[in-house]
Amino acid sequence: MNDEPLKKVLSVLTDVKASMHDAADTSAIEQLDEAIGLIQECIEDENHKGDTQHAVLVALGKVFEKLPSIAALLQLLSR
């Protein structure tokens, strides 16, 4: 399976987390950490088991729910 899309998402999420400088709400950071860990696990799992893929999608959904607060924080930090 082609892991490039997962690697790109992983790169974006780690960049977002790094740019937050621990100033974000704890739950947003926890959701990012969970998504990052699951994506790393999925990349390492050559079989890409359905459970791992499902867990990645659920974790990404939680991150997307936090996007408005993450975007607001990034905008505040860029001033």
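**Figure 1. Helix 1 from end to end.** In this predicted model, helix 1 has 17 residues, which at 1.5 Å a residue should span 24 Å. Its end C-alpha atoms lie 25 Å apart, and that agrees with the expected span. If you follow the chain in the view, helix 1 covers residues 4-20.

**Figure 2. The two faces of helix 1.** Which residues of helix 1 are buried? They are L6, L10, L13 and M20. These four residues cover an arc of only 85° around the axis, so they sit on the same side of helix 1. It helps to recall that an α-helix has 3.6 residues a turn, so residues three or four places apart point the same way. Turn to the face directed away from the buried side, and you will find the exposed residues K8 and A18.

**Figure 3. The largest nonpolar core.** Here we look at the largest nonpolar core, a group of 17 residues. Those with the most contacts inside this core are L13, A35, I39, V56 and L60. Three elements each give two or more residues to the core: helix 1 (4-20), helix 2 (26-44) and helix 3 (50-77). Which helix gives the most? That is helix 2, with 9 residues. As background for this view, nonpolar side chains in soluble globular proteins tend to be buried together.

**Figure 4. A close look at V56.** V56 belongs to helix 3 and is among the residues with the most contacts inside the largest nonpolar core. Is V56 buried or exposed? Its relative accessibility is 5%, so V56 counts as buried, the cut-off being under 20%. Leaving aside neighbours within four places in sequence, V56 is in contact with L38, I39 and C42. One of these partners, L38, is 18 residues away from V56 along the chain, yet the C-alpha atoms of the two are separated by 5.6 Å. Another partner, I39, is also listed with V56 among the residues that have the most contacts inside the core.

**Figure 5. Q31 and its partners.** Q31 lies in helix 2. With a relative accessible area of 16%, Q31 is buried, because the cut-off for that class is under 20%. Which residues does Q31 touch, not counting those up to four places away in sequence? The partners are K62, V63 and K66.

**Figure 6. A salt bridge within helix 1.** Side chains of opposite charge can pair when their charged atoms come close. The count of salt bridges in this model comes to 2, and this view shows the one in which the side chains of E4 and K7 meet, at 4.0 Å from N to O. E4 and K7 are 3 residues apart in helix 1, so about one helical turn separates them. E4 is partly exposed, with a relative accessible area of 41%, and K7 is partly exposed as well, with 40%.

**Figure 7. A salt bridge between helix 1 and helix 2.** How far apart are the closest N and O atoms in the salt bridge between D33 and K17? They are 2.5 Å apart. This pair links distant parts of the chain, with D33 in helix 2 and K17 in helix 1, 16 residues apart. D33 counts as partly exposed at 35% relative accessibility. K17, its partner, also counts as partly exposed, at 30%.

Technical notes. Residues numbered from 1 in each chain as written. Predicted model: local features only at pLDDT ≥ 70, side-chain atom pairs only at ≥ 80, totals over all residues. Heavy atoms only, no water. Core = buried A, V, L, I, M, F, W, Y, C linked by side-chain atoms within 4.5 Å. Buried < 20%, exposed > 50% of the residue type's maximum accessible area, 1.4 Å probe, protein only. Contact = heavy atoms within 4.5 Å. Expected span 1.5 Å × (residues − 1). Arc of directions from axis to C-beta.
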